[in-house]
Amino acid sequence: MKVEGCGDEASFTTAFRLCADEHGTPLNASILTWKNKHMTITKEAILAALSKVQEPELNKDLVTLNMIRELQIADNNVVSFTIMLTTPACPLRGQIEKEARQAVMSVEGVKSVNIKWDSDVPNDGRMRGLLNMPIRNAIAVGSGKGGVGKSTVAVNIAVALAQSGARVGLMDADIYGPNIPTMLGVEKLPPPKGQRLIPAQAYDIKMISMGLLVKPGQPLIWRGPMLNSAIRQFLGDVEWGELDYLIVDLPPGTGDASLSLAQALPLSGAVIVTLPQLVSLEDASRGLNMFRTLEVPILGIVENMSYLDLPDGTRMDIFGSGGGEQLAQATQANFLGKVPIDQNVRIGGDSGKPILVSYPDSPVANSLREIAQKIAAQISVAALSAKNELPINIVE
Ligand SMILES: Nc1ncnc2c1ncn2[C@@H]1O[C@H](COP(=O)(O)OP(=O)(O)OP(=O)(O)O)[C@@H](O)[C@H]1O
Ligand SMILES: [Mg+2]
């Protein structure tokens with residue numbers, strides 16, 4: 001029996017059945033091929049499948065979160081779409097991709113799936129609202145104690161986020177001991193444009209530091225109100241351009257300077273850096289409480305200099321162990337991760353080449369990258385959660 005043309009599916013199937021009866025050979029495979037070729041896959045069916053895929057961090061499905069864009073179904077039943085992430089530094093991209101692909105492939109007739117990625121970092125609205133600046137989120141890196149690695153963590157988080165494709169600014173707000181220029185190998189700012197300061201650029205980060213505005217070695221003395229207006233100016237008079245994340249490196253301690261800074265900036269959240277030992281933990285918890293008092297959300301705790309891996313394979317807990325996790329538990333904060341000791345961190349800091357650039361595959365770089373991804377995820381969760389109307393403290 002000869003089948004010509006391609007009518008509707010029912011007549012085609014009937015024709016093939018008849019043919020199969022005649023020859024005694026079922027042609028289910030041919031029917032399937034025909035079906036796949038001529039089946040109309042609807043966008044609704046694809047979206048229905050994708051609405052079963054959860055964004056693991058945000059706990060809602062991809063369709064509800066409006067993450068599926070540019071959905072197209074080609075004539076050959078290849079389905080293409082873009083997943084719009086809430087951060088380019090999404091830690092769970094692999095999982096989302098696998099589940100989205102599986103879901104779409106389970107729709108009858110789909111031949112293959114092409115996924116593209118894009119990101120649109122949500123805006124907590126505080127910077128824009130308060131200072132009228134195109135900065136989507138500001139993240140402070142602080143601690144109660146000096147020398148625990150705040151600046152190191154701030155620089156490397158900024159580099160990691162920039163490497164993932166985010167637009168990142170770094171503000172060195174350590175007005176007493178600004179170290180960021182050295183850590184990024186920057187010696188001066190570009191010439192200002194009129195009244196506007198132009199940030200320095202290094203490793204795809206825009207950076208500004210009080211250290212670049214005063215003569216080297218000159219002592220920096222600040223008083224409360226002056227500090228506040230300096231910080232406001234520092235933010236407002238800088239040509240940052242649109243930023244997804246502004247990382248702010250705070251001075252050590254919970255003294256006047258940190259307090260004023262934390263109050264002057266509309267922060268999306270704060271990251272607390274601590275060493276594993278008890279003394280450092282006490283200071284860190286003071287720092288954490290300072291932010292909580294100011295109603296700045298704690299994005300999490302980083303334990304720096306957690307251990308040293310020796311060449312013989314043994315591990316030394318130079319500053320004790322487990323303190324960061326204990327502090328996170330006691331204060332009900334997120335534990336963001338441990339950063340091991342590596343002398344290349346110090347060498348990189350002194351020579352203006354952050355470890356994420358000089359040794360991007362080292363354990364310490366991997367752990368800093370994971371921490372940056374977790375911070376970005378926390379920011380997305382906070383910005384998209386219903387409770388993102390955080391009270392703002394303005395101190396004039
Ligand atoms: N994980 C690490 N491994 C090795 N050295 C580190 C590590 N983290 C930080 N360092 C080094 O420790 C020193 C102090 O770090 P850093 O300046 O980042 O601390 P800080 O908390 O910002 O200090 P301050 O309170 O003075 O601002 C620097 O020389 C830095 O290179
Ligand atoms: Mg510092």
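Start with the whole protein in view: of its 396 residues, 41% are buried. Keep in mind as you look around that this is a predicted model. Colour by secondary structure and you will find 14 helices and 15 strands. Of the contacts in the protein with a separation of 6 or more, 74% join residues 24 or more positions apart.

Now select residues 323-331, which form helix α11. Which of the residues in α11 are buried? Show the side chains, and you will pick out G323, G324, L327 and A328. Turn the view to look down the axis of α11: the buried residues fall within an arc of 140°, so they line one face of the helix. A general point helps here: an α-helix has 3.6 residues a turn, so residues three or four places apart point the same way.

Rotate to the face turned away from the buried side of α11, and you meet Q329 and A330, both exposed.

What do the buried residues of α11 pack against? Add β11 (269-274), α10, β12 (298-304) and β15 (335-339) to your selection, and you have the partners.

Next, keep α11 and bring in α10, residues 278-293. The two helices pack at an angle of about 35°, their axes 10 Å apart, and the crossing is right-handed. To see the contact itself, select L278, L281, A284, S285 and L288 on α10, together with G323, L327 and T331 on α11. Five of these contact residues are nonpolar and three are polar, with no charged ones.

For a last stop, step just past the end of α11 to Q332, where phi is positive, at about 50°.

Methods. Residues numbered from 1 in each chain as written. Chains lettered and ligands numbered in written order. Predicted model: local features only at pLDDT ≥ 70, side-chain atom pairs only at ≥ 80, totals over all residues. Axes fitted to C-alpha atoms, helices over the stretch in contact; angles between N-to-C directions. Helix = DSSP H or I, 4+ residues; strand = E, 2+ residues; numbered from the N terminus. Left-handed = near helix turned anticlockwise from the far one by under 90°. Contact = placed C-beta atoms within 7 Å. Nonpolar A, V, L, I, M, F, W, Y, C, P; charged D, E, K, R; others polar. Buried ≥ 20, exposed ≤ 12 C-beta atoms within 10 Å, placed from the backbone. Arc of directions from axis to C-beta.
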